[in-house]
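User: I'm new to this structure and would like a close look at one part of it. Could you pick out how its helices pack, and then show me what surrounds that?

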Amino acid sequence: MTGTDFQPSAPILKVSGLWMKFGGVTALRDVSYEVPEKVIQAVIGPNGAGKTTLFNCISGMLGPSEGSITFLGQAIGGIAPHRIAVAGVARTFQHVALFKKMSVLENVMMGRHPRTGSGFLAAGLRLPGMRSEEKLIRSRALEYLEFAGLAGCAGVESGTLPLGKQKILEIARALATEPRLILLDEPAGGLNMKETEDLGELIQGIKKLGVTVMLVEHDMNLIMDISDRVLVLHYGEVLASGAPAEIKENGAVVEAYLGAEDEE
Amino acid sequence: MGRKNWLIMLGAAIFIGVFPWLVMPFKAVSHYVDVMVFAGIFSLVCIGLSLLMGYAGQISLAQAAFFGIGAYTSGILTSKFGVNPWLAMGGGTVVCATVAWVVGVPSLRLKGHYLAMATLGFGVIVNIIFAEEVNWTGGPSGMIDIPYLRMFGRKITSDLAWYYLVWGIVFLVLIFCFHVLHSRVGRALRAIHEDERAAESVGVPTAGFKVRVFMLSAVLASIAGSLYTHYVTCLNPSSFNLMWSIRFVLMVMVGGMQSLWGALVGTVLMTFVGNEWLQVFAELEILAYGAILLVVALFLPGGIVSIGGFRRKRRQSALEGAGT
Amino acid sequence: MKSAKNLIGLTVLGLLITAAVLFWSKGEGIAAEKEPYKIGAVFSITGGASLLGEPEKKTAEMIRDEINKQGGIDGHPLELIIYDDETDPTKCNLAVKKLIKKDEVPVIIGPSTSGTSLAVVGVAEEAQVPLVSCAASYKIVTPVETHKWIFKVAGSDSHVVGKMFDYMKSKKVSKIGIMTVSDGFGASGREELVRLAPEYGITIVADERYGPQDTDLSAQLTKIRSAQPDAVVNWSTGPTQVLAVKNWRDLGMDKIPLYQSHGFGNLKNLELAGKAAEGVILPLARVNVGNLLPDDQPQKKVIMEYTKSYDERYKEPVSSFGGHAWDSMHIAIAALKAVGPDPAKIRDHIENTKDFVGQHGIFKMSPQDHNGLSKDDLEMVVVKDGKWALAK
Amino acid sequence: MGTDFLQYVISGITIGAIYAMVAIGYNIIYSVTEIINFAQGEFVMLGGLFAVFFAGTLHLPLYLAFICAVAVAGCIGLAMDRFIIGRARESSVLSLIIITIAVSILLKGSAMLGWGKDPYSLPAFSSGGPIMVAGAAIQPQALWIIGICALVVISLTLFFRKSVYGQAMLACANNPQAARLVGIPVRYMVFLSFILSAAIGAAAGVIITPVSMMEYERGALLGLKGFGAAALGGLGQFFGALVAGLILGLAESFCAGYLSSGYKDAVALVLLLMVLFLKPEGLFGNREAARLKKF
């Protein structure tokens, strides 16, 4: 947790032979890949390359058509998203998915859900264990807000925050679940330069906490700055993977991007 | 629960406490106490339904069926097996919770119209069972000779005693539900209502929570049913038919689904409207009832409690509640 | 802004309603010279049993007007307070409580159905106010020890079934198929049919049920037909009994005579069933067949009077149900006339009603019998040329 | 045994045809607006009672009474959309459920005031006694019911498949915004759907009145059964509604005949629940399409 050097270790996530088909469309085609622990793993590719689909498969929002996903040695392909969250995978969404009518603090408190356990009866009868747990939830949530730099607006209704802060809040909420792996889907989308810079620092901070980060992003500068490894998807297939510098030089990747640009 | 809710509850409790003494001296409204007993019983059903509709975002047209299952369980256990009424009430909640679980697990995967349809179908089936199992339920002519409720060794027969008993339970249930809402569980429910996908992503088992709220609402309806049984001491399937399920939904809607207070206000109001105030219209009553519903659904979709900016208050108190 | 307007509007509406209620409850009876005598009534004027409640309400109102035109009960105007229970036990319960508490009536007539009556027996008993139900179930008045304040003017289903079985025996019917509607009326009839059949040496070979709003009974009748009974008994009220007649005819079951319950005793049913109803047999209270009675029959006079004035006022034929209201109204009025508006005295008076000539028979109440009718108060009737005729 | 079986089939198909027509009424409105009109059953009741009014009170010939009753019901359907549903297009599903229930209460109450509580009947469309087939009796009116139901299904299928109006109506359902862009008058199409659905419901009411009579309270149950048929067949599926209606009718009839007549209504509903739980999009619905519907 001290250094920022890239130290490969055992894979935290292993995807092998992953297929995802929607009716006649194949979104992922035989994707196999391993993510080592405590790295920042970027996933890039032109629109429609299957990046978000990959995230949805890992986080359980979609059950893969074929193939396996192993997280910390446990097969998680096709199990319910909330169980994957409990297992230690958190995520954010491409289009911010906050609980808009809840306060900023409450949103982060929601993140504590999988790490706490009091149920209907305990809550309704206000049992002592539940009350102390509630206090703990609150103080831990405040810590995460502090970490994300949002402590100032704890009481604000989250839907009223500017987009940049909403994106950060979503990350804070995901972090509050104490994940081992966090999936960030286009966290910089719609952010300005300054905000993107702050975001980069935040992501590196997350890595320092010992959390593996996977991020889908279009902002190449951000990716080149912070990521340790890059995976390139193209038409649902793995096109290339490696360190950012290598990817930059990879002809196939450049072509794929240029080709895609032409189409748009 | 927040300070504002405590204040409202205090006000409501004082009002409920003195209400009988306000109306009893006046002959013209002295029977309002009786109406309030039923309003209290129905409130229990509607509080549960409000949790389900307003907080978990699910509709149920089967509440009268759970109300009836509780009522008949109590009735059958006490009159045919001589079980203590309070124990029978507990038995009713267990039966209801089990049935709700069995029905809820497949139903709550459905949404909107489909869920309405499934619960409606279930409710009608239960009602047919009440009417057909003559040996157990007495069939359509009804079940009679159900023993009175006893407390501290005495029969509860007077309307005033019933009034305070029922409303006492209503307030206990309200406190229970507010506590639930302002806890980890309540936050999860609100989260499900706002964005199911995001709720799942932070580890909320949405399907499981929906089923549990459904079970809670069934249990509350069951308690209400048991109270009804011992209050009326006679059961008839027509007290638990589809019309009543619809009435319960309407009570919650008219009051406002956004808060438990809405359920309470709506229930009391609609009980009075349905049994008292519309009687001046005689034959036109049914039209007046329909018209009121229409007006509320069209012009007051937030229900009566939305009139005075009540919703905003709830919002704030929920925030404070998060801190307690 | 809009919500503020709504708030004001609703408040005004609420105040108006409250004012109206208060006015109503105070406003009546101001002009009376003598303290009016009150009778409370609860009928199922709307809802599932509205076919029962409607003529009951009309009859009760007609009698009130007649009495008041004659100068009331010993100079006391008669005040009739009617509530509609919408055929709902809960509403019925509330309505009776309201009659007792708010209106402080000394005697209550109704409710219309067994289900609603059973829901209020306890209330009247507890409040010690006599209640004269218009429904049939024997459970309403038994056991008498715990139903001291409850009476009923509708003959028990056991009378109807007994009368019918007597007639069947005389026609050598030994196997019957029954079909009953799944509401209180049908369920109570079914219970008695099943209970009494062995006593009369009759076997029930088919026992079918249907809903009150069913649109087709061919399946039930077909099943009965295949059990080869000597007769079919249908027990229901409302449109299903006409449906039974039509389906019975259409299935060509003429050779298996169709018996109906006394619920069929409404000329409208004959109108609706038309030719199909020819030959249908049923036990009927005399109120429906006044003109067929011999002149020396003691009930003839009251029945003809009622039939005539009801027809004049409402332009429709009388029904059994209206007859119940007539009986209960007049029993209550007789008691009020004799002992004044004291619930306890009224109860005692009703319990000792002897030889009261009513629409449904000659009532002989006693501390053991809070109904006072027997199967002798019924006639077996057959449909002939679209009219009732006494069955031989 | 054989005769009985045939008799059950006949009565099942007859009542099933009525359920199918009610279900089609639900489907038309649902296809265009994605609203479930809980007042659908009341149109059946109104159709029957208006036919009684035109034939019995005004002494019109039966076919004219039929047409007038259907037309009046169509107008009521139009009014319902124009003055009530149209104002609440943006409401939540729950509000819409309540609104249509309120309308059904109003219609039922008005019918009670207008016609009273007595049942009414109509003469059968063609005279003559039942036709005997292998010992089973078929009422001529049953043939009318089945024939008219078939006619309605065929013409509606043609209407939605082939005609420009039908295509336009479906387009409104799939994507009202796009429909508006390509120049389809969406409001007008919605009106049309309400008129059509009310008229078909009313037609069902008219043809069933000679068989089973009609009174103000009848609508709710027929509506419920029709609703069951619509869900069973898959919301929005016309052919599905027909088949599901017949299945429901036959299931009820067989249950009454071979199992317990008291539980016959329950059997239809259990069938409905099972379909909802196992194949929520209905027997003939499309899973992908059902998922896309905005609930």
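Analyst: Let's start with a term: contact here means heavy atoms within 4.5 Å. Keep in mind that this is a predicted model. By that measure, 4 pairs of chains are in contact, and chains A and B share the most contacts. Chains A and C, on the other hand, do not touch, with 22 Å between their nearest C-alpha atoms. Chains A and D have no contact either, and their closest C-alpha atoms lie 9 Å apart.

Now for the helices. Two packed helices are described by the angle between their axes and the distance between those axes. In chain C, helix 3 (residues 89–101) packs with helix 4 (residues 114–127) at about 25°, and the axes are 8 Å apart. Angles under 35 degrees count as roughly parallel, so helix 3 of chain C is roughly parallel to helix 4 of chain C. The crossing of these two helices of chain C is right-handed. Helix 3 of chain C brings residues including C:Cys92, C:Val96 and C:Ile100 to the contact, while helix 4 of chain C brings C:Ala119, C:Val123 and C:Ala127, among others. Sorted by class, this contact in chain C has 9 nonpolar, 2 polar and 1 charged residues.

Chain B has a pair to look at as well. Its helix 3 (residues 63–81) and helix 11 (residues 242–255) pack at about 115°, with axes 7 Å apart. That angle makes helix 3 of chain B roughly perpendicular to helix 11 of chain B. B:Gln63, B:Ala64, B:Ala65 and B:Phe67 from helix 3 of chain B meet B:Trp244, B:Ser245 and B:Phe248 from helix 11 of chain B. The split in this chain B contact is 5 nonpolar, 2 polar and no charged residues.

Over in chain A, a helix packs on a sheet. The sheet is open, with 4 strands in the order 2-1-4-5 and antiparallel pairing. Strand 2 (25–36) and strand 5 (74–75) of chain A are at the edges, each with a single partner strand, so one side of each has no neighbour in the sheet. Strand 1 (residues 11–22) of chain A is joined to strand 2 of chain A by 8 bridges, and A:Lys21 has A:Thr26 as its bridge partner in strand 2 of chain A. Helix 1 (residues 51–58) of chain A packs on this sheet, touching strand 1, strand 2 and strand 4 (66–71) of chain A, and its direction makes about 115° with that of strand 1 of chain A.

Key
Residues are numbered from 1 along each chain as its sequence is written. Chains are lettered from A and ligands numbered from 1 in the order in which they are written. This is a predicted model: local features need pLDDT of at least 70, side-chain atom pairs count only at pLDDT 80 or more; totals for chains, interfaces and linings use all residues. Side-chain values use heavy atoms; hydrogens and water are left out. Axes are lines fitted to C-alpha atoms, for helices over the stretch in contact, and angles run from 0 to 180 degrees between N-to-C directions. Angles under 35 degrees count as roughly parallel, over 145 as roughly antiparallel, 65 to 115 as roughly perpendicular and the rest as oblique. Ala, Val, Leu, Ile, Met, Phe, Trp, Tyr, Cys and Pro count as nonpolar, Asp, Glu, Lys and Arg as charged, and the others, Gly among them, as polar. A crossing is left-handed if the near helix is turned anticlockwise from the far one by less than a right angle, and right-handed if clockwise. Two strands pair if DSSP finds at least two bridges between them.
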